[in-house]
Amino acid sequence: MTSAYALRWHSADRPSLDELRGVEPLTLDHHAHDGRLAHLSIGSWHAVPPGFTWIGTLPVPDGVPALSNTYSGWQSLADDVVRKRRWDRKLPAAVKAAYRAAATRGQVDVDFGAGAATLGAATPRLDLSGEGSMRVPTSGPVQWSALDQLPRCTALTWAGPDRGLARALADRPVVSSLTWQDPPPVVDLTDTGLQHLSLSGADVREVRLPRGLHSLELAAVDRDPAVYAADDGRWLHLTLTGADAETTVPAGLHGIREVALDGGGTMSAAAVRELEELESLRIYWRKPPGQLIDAAALASLTHLAVIELVDGYGLDAGTLPDLTSLTQLSISGLPRSIVPALKARYRGTGVRLVIEGAKPDTWLAANLNNPFRDWVDDDARGGAAACKAYASAVRTIDKLPQERRGRADEAEAALRTLVEALNSIDQKYEIIDTLRREEAFDAFMELAARADVPTHLADQWFDEWRDF
């Protein structure tokens, strides 16, 4: 575990060790922070970013504990610095004053044009997509002035045409995060203060990004949208969600240095072939078999220093080409049988190899398609019990009668049995955290759909029955 904290220092050029001597740790007093240190505990999985440069050694200042209670990766520390500087230098004084005052304003009436709703003035995020509790008109103008009643709202979810969204965000720079479902073909957010953006929809053809954006997610978008970003995306972290063997990085982002491919059972390294500045690549297989094709495409990327592979159960020790720039390879979720060969390959090469979640081949043969297979990494017995409960639910649902009435009743019983089993497992082993809860929900909803249970009803059942 590494203890890392930021200093109260900023300069265009790299400082000398003497310039940093005596500089105080950075404290976070922006937004709702109360002055805590910008201090993290970072696990071995997270590689030191390639852009970091060793300067030298100084004593740790008084008041900085050996470890932080906040556990995250190196990027979170950079995000802390960016958010602090943006608050201090970019947000108008009136915006910051309204943000602070909202903490004690209590309840307010908010109306976007489809009827008022009562919300807390300190509401931090708002779903206006039609899926949340806040209503907006289905057509016509939207009363974006309603956002002024929620000066602490920094994250929005929206769906469909723009309808004044981009202008409303440009006028309210406190909103820094946007999730936009089914956007129009042309998305222009140039004038906004967004730092994080997620777009999902097949109609997107052109995207214009604000200069301050540093996290972009594209999910199920057109194969080759035109993206306009500062410095060809050099300052962006790009995530391509729903990636497959045909996915490519959009034109306009060829200066990007950090990419994550998050998708199906087979993905292609050719997606990043043209990214000559790429330094960090993460690939997360959401489904088996976890195969990487066209891996030789990585050999030409002379700056690629960090690779993270998650649930690549179809990999072997020779999948990746030799990369002279590689400094760390982290793999989570792999067949145990290939571990010795991996260790032998990278021994003495200068590559730091981190391996987690290696599983016996016999276990994978029985559980590769089980969405709870990785729970055994948290607790062997609890994870095995969860896998068994899911497998039992699958067998029951696959045997359901075709007659609709009897099918619905038996499906409800099978799904309830699964959730009750997970309740017992969590009570005994305490393994269902936020991530595992989301995985349980996704698995439950997939089984419910398989049994022809309406989505809204399955969602209701899950929330009613679960104790975790």
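**Leu364 and its surroundings**

I began with Leu364, which touches Tyr313, Leu334, Pro335 and Lys359 when residues up to four places away in sequence are not counted. This is a predicted model, and I read every entry below with that in mind. I placed Leu364 in helix α6, which covers residues 361–367. I then looked up whether Leu364 is buried or exposed. Its relative accessibility is 8%, under the 20% limit, so I noted Leu364 as buried. For one of its partners, Leu334, I also took the C-alpha to C-alpha distance, which is 9.1 Å for a pair 30 residues apart in sequence.

**Asp374, after helix α6**

Following the chain onward, I found Asp374 in the loop between α6 and α7. Despite its charged side chain, Asp374 is buried, with a relative accessible area of 12%. I looked for a partner and found that the side chain of Asp374 is joined to the side chain of Tyr313 by a polar contact of 2.6 Å. Beyond residues up to four places away in sequence, Asp374 touches Asp311, Tyr313, Lys359 and Arg436. Tyr313 and Lys359 had already appeared in my entry on Leu364, where both are listed among the residues that Leu364 touches.

**Helices α7 and α9**

Next I asked how the axes of α7 and α9 cross. Helix α7 spans residues 380–398 and helix α9 spans residues 434–450; their axes come within 10 Å and cross at roughly 10 degrees. Angles under 35 degrees count as roughly parallel, and I therefore recorded α7 and α9 as roughly parallel to each other. On the α7 side the meeting residues are Tyr390, Ala393, Val394, Ile397 and Asp398, while α9 brings Ala443, Leu447 and Arg450. By class, the residues of this contact are six nonpolar, no polar and two charged.

**Nonpolar cores**

I turned to the nonpolar cores and noted that the largest has 80 residues, with Phe112, Leu126, Leu156, Leu178 and Leu298 making the most contacts inside it. Helix α4, residues 165–170, gives the largest share of this core, which is four residues. I followed up Leu178 and, setting aside neighbours within four places in sequence, found it in contact with Leu156, Trp158, Leu165, Leu169, Leu189, Leu194, His196, Leu197 and Ser198. There is also a second, separate core of 36 residues, and it includes Val394, Leu400, Leu422 and Val453. Val394 was already in my notes as one of the α7 residues that meet α9.

**Glu308 in strand β20**

I located Glu308 in strand β20 and asked whether it is buried or exposed. Glu308 is buried, with a relative accessible area of 13%. With neighbours within four places in sequence left aside, Glu308 is in contact with Trp45, Leu281, Arg282, Ile283 and Ser330. The side chain of Glu308 makes a polar contact with the side chain of Trp45, at 3.5 Å. I also noted a C-alpha separation of 9.3 Å between Glu308 and Val354, which lie 46 residues apart along the chain.

**Thr319 in the loop after β20**

Thr319 sits in the loop between β20 and β21, the latter being residues 328–335. I checked where its side chain goes and found that it reaches the backbone nitrogen of Asp316 at 2.9 Å. Away from residues up to four places distant in sequence, Thr319 touches Leu292, Ala295 and Arg345.

**Backbone entries in loops**

I went last to backbone geometry, starting with the peptide bond from Pro288 to Pro289, which is cis with omega near 10 degrees. Pro289 belongs to the loop between β18, residues 280–285, and β19, residues 291–293.

I then noted two residues that are not glycines and have positive phi values. Asp182 has a phi of about 50 degrees and is placed in the loop between β9 (177–181) and β10 (186–188). Asp294 has a phi of about 60 degrees and lies in the loop between β19 and β20 (306–310). For accessibility, I entered Asp182 as exposed at 56%, whereas Asp294 is partly exposed, with a relative accessible area of 41%.

Terms used. Residues are numbered from 1 along each chain as its sequence is written. This is a predicted model: local features need pLDDT of at least 70, side-chain atom pairs count only at pLDDT 80 or more; totals for chains, interfaces and linings use all residues. Side-chain values use heavy atoms; hydrogens and water are left out. Axes are lines fitted to C-alpha atoms, for helices over the stretch in contact, and angles run from 0 to 180 degrees between N-to-C directions. Helices (H or I, at least four residues) and strands (E, at least two) are DSSP runs, numbered from the N terminus. Angles under 35 degrees count as roughly parallel, over 145 as roughly antiparallel, 65 to 115 as roughly perpendicular and the rest as oblique. Contact means heavy atoms within 4.5 Å. Buried means under 20% relative accessible area, exposed over 50%, partly exposed in between (1.4 Å probe, protein chains only). A nonpolar core is a set of buried Ala, Val, Leu, Ile, Met, Phe, Trp, Tyr and Cys residues joined through side-chain atoms within 4.5 Å. A polar contact is a pair of N or O atoms within 3.5 Å; within protein, one must be able to donate a hydrogen and the other to accept it, and residues adjacent in sequence count only if both atoms are side-chain atoms.
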